[in-house]
Amino acid sequence: MAVNPVKVIYHGHAAVSIESDGHNIVIDPFFSGNPAARISADAIDPDFILISHGHGDHVGDAIDIAKRTNALVIANFEIVNWLAQQGVERTHPLHIGGGNTFPFGYCKMTIAHHGSSLPDGAYGGNPGGFLLRLNSGKTIYFAGDTALTYDMKFLADENVDLAILPIGDNFTMGQDDAIKAVQLIRPAVVLPIHYNT
Ligand code: NI
Ligand code: MN
């Protein structure tokens with residue numbers, strides 16, 4: 001498989017864009033009310049939206065962006081059902097440990113230890129993260145909001161090129177535990193997120 005350049009843009013908090021192989025993926029698209037975001041939700045033009053869990057700082061502007069762009073939303077079954085009730089038409093449900101091949105590559109939902117209630121209080125299923133094996137040849141792990149968990153050790157077998165890990169403490173693992181996560185995952189590059197917001 002050829003290795004093509006992958007562009008990753010961090011928008012602050014947990015919002016990340018990935019451009020790969022002609023596809024534009026946005027994860028946890030929280031722009032409105034995100035003090036660190038330098039662009040507005042209107043400027044985002046993804047063909048895929050991934051949502052790690054139901055909390056408002058992760059669902060963010062997903063509904064508006066999905067309706068405007070007709071992007072396919074990938075999230076757990078409960079979140080996808082809730083989005084459909086809000087009028088989002090194109091969704092694909094995954095659940096923990098399960099993955100699927102999409103036009104950009106393979107996406108698997110990984111374990112996260114956290115909560116997942118949706119902004120209106122609806123049940124958001126289990127929280128998760130994503131392991132992306134991009135068609136470009138790169139592997140990206142987006143942990144989502146999570147504690148340090150020993151399950152991350154399995155990711156050492158995945159040759160992760162980029163691990164995107166929360167470090168903010170309080171709601172997720174802090175810096176010391178994130179360092180332990182890196183020691184378990186052994187990625188080539190780490191992008192710390194979910195702090196100072
Ligand atoms: Ni959360
Ligand atoms: Mn969060």
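**Strand pairing, a two-metal site and an aromatic cluster in a predicted model**

Strands β2 and β3 form a hairpin with two residues between them, and D21 in the turn has a positive phi of about 60°. The structure is a predicted model, in which local features need pLDDT of at least 70 and side-chain atom pairs count only at pLDDT 80 or more, whereas totals for chains, interfaces and linings use all residues. Residues are numbered from 1 along each chain as its sequence is written, chains are lettered from A and ligands numbered from 1 in the order in which they are written, and side-chain values use heavy atoms, with hydrogens and water left out. Helices (H or I, at least four residues) and strands (E, at least two) are DSSP runs, numbered from the N terminus, and two strands are taken to pair if DSSP finds at least two bridges between them.

In the β2–β3 hairpin, five bridges join β2 to strand β3 (residues 23–27), the two running antiparallel, and I18 stands opposite I25 in β3. On its other hairpin, β2 pairs with strand β1 (residues 6–10) in the antiparallel sense, again over five bridges, with Y10 opposite V16 in β2. Five residues separate β1 from β2, and G12 in that turn has a positive phi of about 90°. Strand β2 (residues 16–20) is mostly covered, since four of its five residues are buried, where buried means under 20% relative accessible area, exposed over 50% and partly exposed in between (1.4 Å probe, protein chains only).

An open sheet of six strands has the order β7-β8-β9-β10-β11-β12, with mixed pairing. Strands β7 (99–102) and β12 (189–193) stand at its edges with a single partner strand each, so that one side of each is left without a neighbour in the sheet. Neighbouring strands of this sheet are turned by 15° against each other on average, direction ignored; axes are lines fitted to C-alpha atoms, for helices over the stretch in contact, and angles run from 0 to 180 degrees between N-to-C directions. At the β7 edge, four bridges join β7 to strand β8 (residues 105–111) in an antiparallel arrangement, and the bridge partner of F102 in β8 is G105. Helix α4 (residues 175–185) lies across β10 (139–142), β11 (162–166) and β12, running at about 155° to β11.

The model holds a nickel ion and a manganese ion that share a donor: D145 bridges the nickel ion (ligand 1) and the manganese ion (ligand 2), which lie 3.1 Å apart. Donors are N, O and S atoms within 2.8 Å of the metal (3.2 Å for Na, K and Ca), and water is not among the atoms, so sites may look incomplete. The nickel ion (ligand 1) is coordinated by H53 (NE2), H55 (ND1), H114 (NE2) and D145 (OD), at 2.2 to 2.3 Å. The four donor atoms around this ion subtend angles of 88 to 174°, which makes the arrangement irregular; four donors count as tetrahedral if all angles lie between 85 and 135 degrees, four count as square planar and six as octahedral if opposite donors are over 155 degrees apart and all others between 65 and 115, and anything else is irregular. Along the chain, the donor residues of the nickel ion are spaced H-x1-H-x58-H-x30-D. Distant parts of the chain are linked by the pair H114, in the loop between β8 and β9 (128–134), and D145, in the loop between β10 and β11, 31 residues apart. H114 counts as partly exposed at 26% relative accessibility, whereas D145 is buried, with a relative accessible area of 2%.

For the manganese ion (ligand 2), the protein donors are D57 (OD), H58 (NE2), D145 (OD) and H194 (NE2), lying 2.1 to 2.2 Å from the ion, and their spacing in sequence is D-H-x86-D-x48-H. H58 lies in helix α1 (residues 56–59) and H194 in the segment after β12, so the pair ties together parts that are 136 residues apart in sequence. Both H58 and H194 are buried.

The loop between β10 and β11 also contains M152, which is buried, with a relative accessible area of 2%. Leaving aside neighbours within four places in sequence, M152 is in contact (heavy atoms within 4.5 Å) with Y141, T146, A147, M173, A181, L184 and I185.

A search of the whole structure finds three aromatic pairs. The rings of F48 and F102 have their centres 6.5 Å apart and their planes at 65°, so this pair is edge-to-face; rings of Phe, Tyr and Trp (its six-membered ring) pair if their centres lie within 6.5 Å, and planes under 30 degrees apart count as stacked, over 60 as edge-to-face and the rest as tilted. F48 lies in strand β4 (residues 48–50) and F102 in strand β7, so the pair ties together parts that are 54 residues apart in sequence. F102 and F104 form a stacked pair, 5.6 Å centre to centre with 10° between the planes. Ring pairs thus link F48, F102 and F104 into a cluster, in which F48 and F102 are buried, as is F104.
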